[in-house]
Amino acid sequence: MTGQSRETDETGQTGQTGQSATRVALVTGTGKGVGRGIAAALGAHGWTVYVTGRGEPGPGSPQAETVRRVTEAGGEGIGLRCDHRDDSQVEAVIARITGERGRLDLLVNNVWAAPDGMAGFDEPFWTRPVSDWEPLIGIGLRAHYVASVHAARHMVARGSGLIVNISSFGARAPLHSVLYGISKAGLDKMAADMAHELRAAGVSALSLWPGLVRTDGLVEAGVKEVAGFRLADAESPELVGSVIARLADDSRLPERSGHTYVVAELAEEYGVTEPDGRRAASHRAAFGGGPLY
């Protein structure tokens with residue numbers, strides 16, 4: 001299927017992994033970028049995928065495009081309006097999903113927002129307004145915690161589920177900005193400690209480090225390089241989603257819970273490649289090592 005990552009099974013055949021269409025995922029922040037690719041890849045694995053965005057999910061909206069890609073990939077996509085700065089809206093989204101479907105098997109915490117007026121990450125922290133804290137920590141970290149709380153209440157009651165935080169190599173080494181690094185390090189520690197408390201309930205939590213991701217926005221902007229990495233060599237957003245789908249099916253998921261993983265390294269382990277057959281390259285060495293958790 002066009003745009004989807006390829007997977008090779010033990011016989012060497014390439015194809016989808018035959019997921020059940022009844023499983024339900026919520027991917028936050030899916031109007032574009034990584035979230036859109038994750039949602040589409042889950043659709044290719046037969047998932048029902050709820051996607052959130054700040055605007056109404058009507059025709060022509062970014063959410064509608066994400067829903068279209070999920071559906072074309074083979075899943076069922078549903079767009080929901082949600083401002084993740086508002087705890088009550090987050091709670092209402094999860095209540096709606098569990099009310100409509102009776103289950104929530106997977107939460108992917110991906111929503112993120114750049115501070116107003118920030119055109120890039122080239123300004124020292126002391127030259128930026130302190131108000132940068134609210135989008136980078138309030139949405140980039142706190143909103144993930146809020147969604148996890150409400151998802152976990154349902155998952156614990158059912159005795160199963162997976163929470164995935166989309167983090168970054170910025171949790172380990174300086175990348176983009178001080179607040180960006182704080183938020184990503186927090187996501188990794190959050191997953192580690194949540195997993196500790198969720199283990200007895202049969203629910204898993206973990207964190208993922210994608211490399212540079214080749215999003216539609218970067219391609220359309222004509223960007224050739226980010227932080228020293230060529231966009232031509234970057235991961236597709238769908239690769240991240242395919243790795244998450246494989247994690248959800250991994251019999252060793254309880255053992256993996258609480259850890260942080262490099263997406264490219266899991267892709268290699270699972271036999272997931274880019275649509276053109278290319279293997280993603282880990283940025284571990286470039287950032288001085290692997291995850292702390």
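In these legends, two parts are in contact when their heavy atoms lie within 4.5 Å. Keep in mind that every view shows a predicted model.

**View 1. Helix 3 lies across three strands.** Helix 3 is made of residues 87-101. The strands it crosses are strand 2, strand 3 and strand 4, and it runs at about 150° to strand 4.

**View 2. Seven strands form an open sheet.** Reading across the sheet, the strand order is 4-3-2-5-6-7-10, and the pairing is parallel. Strand 4 (76-81) and strand 10 (260-262) are at the edges; each has a single partner strand, so one side of each has no neighbour in the sheet. On average, neighbouring strands here are turned by 20° against each other, ignoring direction.

**View 3. Strand 2 and strand 3 pair in the parallel sense.** Here we zoom in on residues 24-27 of strand 2 and residues 48-53 of strand 3, which are joined over 4 bridges. Which residue of strand 3 stands opposite Leu26? Look for Tyr50. Helix 2 (residues 62-73) also packs on the sheet, where it touches strand 3 and strand 4. The direction of helix 2 makes about 165° with that of strand 4.

**View 4. Helix 4 has a bend at Arg142.** This helix covers residues 133-158, which is 26 residues. From its first C-alpha to its last it reaches 35 Å, close to the 38 Å expected at 1.5 Å a residue. The bend at Arg142 is about 35°. Just after helix 4 comes Gly159, with a positive phi near 80°.

**View 5. Leu175 sits in a loop.** The loop links strand 6 (161-166) to helix 5 (178-198). Is Leu175 buried or exposed? Its relative accessibility is 15%, and buried means under 20%, so Leu175 counts as buried. Beyond its neighbours within four places in sequence, Leu175 is in contact with Ser168, Gly170, Tyr180, Ala227 and Phe287. Ala227 is 52 residues away from Leu175 along the chain, yet their C-alpha atoms are separated by 8.0 Å.

**View 6. Stepping back, the protein chain has 9 helices and 11 strands.** Its radius of gyration is 18 Å, close to the 19 Å that the globule rule gives for 293 residues, so the chain is as compact as a globular protein of that length. Along the principal axes, its C-alpha atoms fill a box of roughly 50 × 45 × 40 Å. Of the 293 residues, 53% count as buried. Among contacts with a separation of 6 or more, 71% come from residues 24 or more positions apart.

Note on methods: Residues are numbered from 1 along each chain as its sequence is written. This is a predicted model: local features need pLDDT of at least 70, side-chain atom pairs count only at pLDDT 80 or more; totals for chains, interfaces and linings use all residues. Side-chain values use heavy atoms; hydrogens and water are left out. Two strands pair if DSSP finds at least two bridges between them. Helices (H or I, at least four residues) and strands (E, at least two) are DSSP runs, numbered from the N terminus. Axes are lines fitted to C-alpha atoms, for helices over the stretch in contact, and angles run from 0 to 180 degrees between N-to-C directions. The expected span of a helix is 1.5 Å times one less than its number of residues. The bend at a residue is the angle between axes fitted to the seven residues ending there and the seven starting there. The radius of gyration is taken over C-alpha atoms; the globule rule is 2.2 Å times the number of residues to the power 0.38. Buried means under 20% relative accessible area, exposed over 50%, partly exposed in between (1.4 Å probe, protein chains only).
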